[in-house]
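Here's a walk through some of the packing in this model, with the cut-offs spelled out as they come up. Have the coordinates open while you read.

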Amino acid sequence: MHPRIEDYALIGDEQTAALVGRDGSIDWLCLPRFDSPACFARLLGDEDNGQWRIAPKGADTCARRGYREDTLVLDTEWDTPDGTVRVTDLMPQRDQAPDVVRIVEGVSGRVTVRSTLRLRFDYGSITPWVRRSGGHRVAVAGPDSVWLRAEPSVRTWGEDFGTLSEFTVSEGQKVAFVLTWHPSHHPRPPLTDPHDALRASVAGWRTWASRCHYDGPYRDAVVRSLITLKALTYDPTGGIVAAPTTSLPEELGGVRNWDYRYSWLRDSTLTLGALLTAGYHGEAEAWRDWLLRAVAGDPADLQIMYGLAGERRLPETELPWLSGFAASSPVRIGNDAVNQLQLDVYGEVMDSLSLARTAGLSTRPHMWEIQTALMDWLSSRWRQPDEGLWEVRGGRRHFVHSKVMVWVAADRAVRALEEHPELEGDLDGWRAMRDEVHREVCEKGFDRERNTFTQYYGSRDLDAALLLIPRVGFLPHDDPRVLGTIDAVREDLDHGGFLRRYTADGTVVDGVPGSEGTFLVCSFWLADALHMSGRTKEARELFERLVGLANDVGLLAEEYDPVEGRQLGNFPQAFSHIGLVTTAFALFGSDQAG
């Protein structure tokens with residue numbers, strides 16, 4: 001039986017990440033970066049597409065597992081008739097090369113343990129040549145080389161194009177495995193001491209987590225979300241991936257399978273706000289600097305997403321040799337949405353840089369020049385339709401959220417000039433633009449009969465992104481149109497007590513067949529909107545139910561199916577965890593934050 005998405009836990013080194021199942025198998029790992037080809041791809045196929053399982057011989061899923069407090073170090077334990085054994089998994093902070101460290105420890109009795117390593121480079125399609133070298137197993141194919149060693153050494157042999165090890169541990173005994181990747185044309189990097197790596201990782205994560213300013217209810221969930229966001233950060237550049245996976249389905253057996261191993265501009269303001277509020281100014285500044293580098297250039301070339309270092313070409317390709325998670329195909333790498341026009345990202349960038357300036361992050365000499373260039377482009381093109389926040393593939397429309405974010409761009413530009421007289425810009429022109437956009441949205445994007453804003457001009461459909469109208473300041477939270485929109489969205493988009501992104505029959509708009517689950521960040525937005533409108537009790541009840549959707553180690557995917565009671569979409573999803581952090585601070589931060 002195929003594992004569920006929520007059966008996985010995350011380990012990582014802030015440059016890539018692995019998913020570890022309840023059965024002790026690493027089923028997904030891309031090396032050396034989040035967006036590199038996977039060497040373990042069982043997640044999207046089967047065992048022959050690559051995995052590394054360590055578990056008691058003959059055992060199935062674990063008895064229990066969990067992260068060590070305030071870390072990304074995972075402990076998994078099995079109880080067997082012969083005793084109990086623990087496997088500790090981590091990826092230490094990288095020196096030169098990425099390492100996966102797996103430490104097997106006898107807890108009680110005497111347990112026989114088996115390690116099964118099947119390396120399959122290039123997303124499970126290439127079986128490497130494996131040889132022995134000085135106590136190591138070395139796997140090489142094309143540009144990739146992986147070294148495996150055990151301390152102390154254990155019996156290891158090749159079988160069925162895999163590398164197997166078997167050994168016995170008694171109480172207190174440990175066997176540590178280290179898997180190291182490097183380019184095949186480079187010499188082997190220095191050896192990593194697994195036990196030193198464990199101690200350093202635990203200390204490093206706990207020091208980082210101790211900086212969190214939040215000390216209110218659900219602190220464990222907030223800290224776990226922040227650690228997850230840190231783990232999804234590509235440390236060399238400060239870029240944050242939306243998720244470390246590709247093609248985990250939004251509908252089991254369906255075609256809504258996308259590659260999320262890139263950085264989206266739509267997440268920028270919420271990400272920056274979450275990091276700043278929680279006290280992580282260094283990470284916020286690194287994200288802001290990544291944003292500035294990524295968007296630099298001709299404003300007409302602004303993209304909705306970029307690679308980890310700001311790469312612009314992310315061509316979408318299908319991998320036919322992978323059957324997909326739970327037979328959900330196609331499996332895709334790259335993302336064609338990169339070529340879409342989404343006017344909302346101009347507002348996101350302007351809002352993020354405004355927030356950075358207000359928060360006192362160190363300025364950059366070219367920051368305002370980039371903002372004025374974006375405004376000059378937007379001022380003459382905001383009237384055109386676009387693909388919108390949700391990256392629809394059914395044609396461009398005048399999406400209300402996109403226009404609201406155009407208003408945000410103009411508003412933040414005007415505020416910057418009003419608050420910082422030393423800056424130069426078209427104050428009168430941007431004020432006029434702000435007013436015109438506001439009038440148009442209220443005239444063309446509002447359904448007076450139902451007292452609600454709509455998904456796009458002339459439509460009766462609704463969109464959860466409309467809940468952001470009071471948050472961005474387009475209208476006050478107590479405006480009757482805002483209150484009407486909150487109620488309408490809550491009623492129309494509800495599915496099992498949580499929110500869909502937009503009206504259920506939205507395939508006409510998004511252009512993709514099939515359906516999807518409820519979108520978790522949208523339900524966090526609803527909690528925020530309810531709180532802003534004075535319905536804090538309802539907001540807290542919804543927040544509590546959302547926190548309850550996290551898996552046993554506190555992780556959230558992009559979506560949730562309330563009928564089947566399971567998570568859907570790429571995992572873990574940064575947007576969902578950003579929503580959790582932001583809503584926790586909104587509901588409890590004013591009187592509980594430290």
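Strand 9 (99–118) and strand 15 run antiparallel and are joined by seven bridges. Helices (H or I, at least four residues) and strands (E, at least two) are DSSP runs, numbered from the N terminus, and two strands pair if DSSP finds at least two bridges between them. This is a predicted model, where local features need pLDDT of at least 70 and side-chain atom pairs count only at pLDDT 80 or more, while totals for chains, interfaces and linings use all residues. Residues are numbered from 1 along each chain as its sequence is written, and side-chain values use heavy atoms, with hydrogens and water left out.

Back to strand 15: Ala176 there is the bridge partner of Ile103. Strand 12 (144–151) also runs antiparallel to strand 15, with eight bridges between them, and Val146 stands opposite Trp181 of strand 15. Strand 15 is mostly covered, with eight of its ten residues buried. Buried here means under 20% relative accessible area, exposed means over 50%, and partly exposed is in between (1.4 Å probe, protein chains only).

What packs against strand 15? The buried residues of helix 2 do. They also pack against strand 8 (83–90), strand 9, strand 12, helix 3 (219–231) and helix 5 (281–295), with contact meaning heavy atoms within 4.5 Å. Helix 2 itself covers residues 194–209, 16 in number, and reaches 22 Å from first C-alpha to last. That's close to the 22 Å expected at 1.5 Å a residue, where the expected span is 1.5 Å times one less than the number of residues. Its buried residues are Pro194, Ala197, Leu198, Ser201, Val202, Trp205, Trp208 and Ala209. Seen down the helix axis, they fall within an arc of 140 degrees, so they line one face of helix 2; the arc is taken over the directions from the helix axis to the C-beta atoms. On the other side, Arg199, Ala200 and Thr207 are exposed.

Now for the rings. The structure holds 23 aromatic pairs, two of which are in the table. Rings of Phe, Tyr and Trp (its six-membered ring) pair if their centres lie within 6.5 Å; planes under 30 degrees apart count as stacked, over 60 as edge-to-face and the rest as tilted.

| Pair | Centre to centre | Angle between planes | Type |
|---|---|---|---|
| Phe167 and Phe177 | 5.8 Å | 45 degrees | tilted |
| Phe543 and Phe588 | 5.9 Å | 65 degrees | edge-to-face |

Phe167 lies in strand 14 (residues 162–170) and Phe177 in strand 15 (residues 174–183), ten residues apart. Both Phe167 and Phe177 are buried. Phe543 belongs to helix 13 (residues 536–547) and Phe588 to helix 14 (residues 574–592), so their pair ties together parts 45 residues apart in sequence. Phe543 and Phe588 are buried too, and ring pairs link them with Tyr218 and Phe524 into a cluster.

Charges get in on the ring action as well. The charged end of Arg33 sits over the ring of Tyr234, 5.2 Å from its centre. Arg545 lies over the face of Phe498, at 5.1 Å from the ring centre. The test is NZ of Lys or CZ of Arg within 6 Å of the ring centre and within 35 degrees of the ring normal.

One more sheet to look at: three strands form an open sheet in the order 26-27-28, with antiparallel pairing. Strand 26 (518–519) and strand 28 (566–568) stand at the edges with a single partner strand each, so one side of each has no neighbour in the sheet. Strand 27 (residues 559–561) is joined to strand 28 by three bridges, and Asp561 has Arg566 of strand 28 as its bridge partner.
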